[in-house]
Amino acid sequence: MERRILGAALEVSALGLGCMGMSEFYGPGDEAESISVIHRAIALGVNFFDTADMYGPFTNERLVGQALQGRRDEVVLATKFGNERRADGSWIGINGRPEYVVAACDASLERLGVDVIDLYYQHRVDQSVPIEETVGAMASLVDAGKVRHLGLSEASAATIRRAHGVHPITALQTEWSLWSREVEVNGVLETTRDLGIGFVPYSPLGRGFLAGNFPKADDLPEDDFRRYLPRLIGDAYDANLGIVAAVEAVATRLGVTAAQVALAWVLAQGADVVPIPGTKRLSYLEQNVAATAVVLDEEALALLEEAAPPRAAVGERYADMSRIDR
């Protein structure tokens, strides 16, 4: 698989694997199958794996650590801190206090069963703590040899610049897809490229919606958080089907799947872009990896641009956008 560079020096596969859904948020998972997916991803050339302490909570890091046992030198391992939860899953809040940063990293290292984290993100910006203090604590982890590279997630352009002034930021992880193009117009993408920061889009398939044949919110399992996403509820769902129709039209013409078109569009946005579609199923993993070979011609790109320009999607990305640094 093609390799891309995040920041100045972090080389990763052009496509990563988001592991969140293996443990939570997208209905029940199967640990054995999830481990098989991770192993198959490595065999297919994927070496970039993404988790976070809050997934599960805490169980996803253990799962990923178990799956990568004996394979550590083959992979780039990313995890995140900042969305603080209790063991029972209840929400505490966003925490960017320096002492918490250090404690969270130590706990993640233990759960993952590794000595160093390749890419350590602040999962959400704590707007009650100056970003300089949080990133200063993250930088101390680099100095201590516990972390190799630093990242941010869902940070505004101004926050990114302030953070990068404290310590080089290697990657920004933020939602980016054909129905979430805000980063192209709010200064975030311009800022990352100006500073040489890599971009790691999560949910490049629009929570699965862009793959087509997506059920209405009420038909999803009770423990699937997409039941509550504004874009998938009521009139917004119907309005957003127009984007899916364009994706499906391109897919039919190219002889590929809608999911592969949606991923190919993200991959085509630049060599500094490394999407991390999540899946817990082997068939979807293989389909996603095959998308790296899909080439969108000018006609396809024009059709998608017309159907899904920035701000085309109806509804907010989350029910509560107050946790997003804007």
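Arg207 is buried, because its relative accessibility is 7% and buried means under 20%. This is a predicted model. Arg207 sits in the loop between β11 and α7. Its side chain meets that of Glu175 in a salt bridge, at 3.9 Å from N to O. Glu175 belongs to strand β10, residues 171-175. The two residues are 32 apart, and the pair links distant parts of the chain. Is Glu175 buried or exposed? Glu175 counts as buried, because its relative accessibility is 3%.

Side chains of opposite charge can pair when their charged atoms come close. Glu175 has another such partner. Arg317 forms a salt bridge with Glu175, and here the closest N and O atoms are 3.0 Å apart. Arg317 lies in the segment after α10, while Glu175 is in strand β10. That puts the partners 142 residues apart, so this pair also links distant parts of the chain. Both Arg317 and Glu175 are buried.

Which residues make up the network around these pairs? Glu154, Glu175, Arg207 and Arg317 are linked by salt bridges into a network. Look for these side chains in the model. Start at Glu175 in strand β10. Follow one salt bridge to Arg207. Then follow another to Arg317.

How many salt bridges does the whole structure hold? A search finds 25. One of them joins two helices. Arg253 forms a salt bridge with Glu299, with 3.9 Å between the closest N and O atoms. Arg253 lies in helix α7 and Glu299 in helix α10, so the pair ties together parts that are 46 residues apart in sequence. How open are these two residues? Arg253 is partly exposed, because its relative accessible area is 39%. Glu299 is exposed, because its relative accessible area is 54% and exposed means over 50%.

Now go back to the loop between β11 and α7. Asp224 lies in this loop. Asp224 is buried, because its relative accessible area is only 2%. What does Asp224 touch, leaving out residues up to four places away in sequence? Its contacts are Phe25, Tyr26 and Gly27.

Ser203 lies in the loop between β11 and α7 too. Strand β11 spans residues 198-202, and helix α7 spans 234-254. The backbone at Ser203 deserves a look. Its phi is positive, about 50°, although Ser203 is not a glycine. Ser203 counts as buried, because its relative accessibility is 12%.

Where else does phi turn positive in a residue other than glycine? Arg311 is one such place, with phi near 70°. Arg311 lies in the segment after α10, a helix that covers residues 298-307. Is Arg311 buried or exposed? Arg311 is exposed, because its relative accessible area is 64%. Ser203, by contrast, is buried.

One more backbone feature remains. The peptide bond from Gly56 to Pro57 is cis. Its omega is near -5°. Pro57 is found in the loop between β4 and α2. Strand β4 runs over residues 48-50, and helix α2 over 59-67.

Key:
Residues are numbered from 1 along each chain as its sequence is written. This is a predicted model: local features need pLDDT of at least 70, side-chain atom pairs count only at pLDDT 80 or more; totals for chains, interfaces and linings use all residues. Side-chain values use heavy atoms; hydrogens and water are left out. Helices (H or I, at least four residues) and strands (E, at least two) are DSSP runs, numbered from the N terminus. Buried means under 20% relative accessible area, exposed over 50%, partly exposed in between (1.4 Å probe, protein chains only). A salt bridge is a side-chain nitrogen of Lys or Arg within 4 Å of a carboxyl oxygen of Asp or Glu. Contact means heavy atoms within 4.5 Å.
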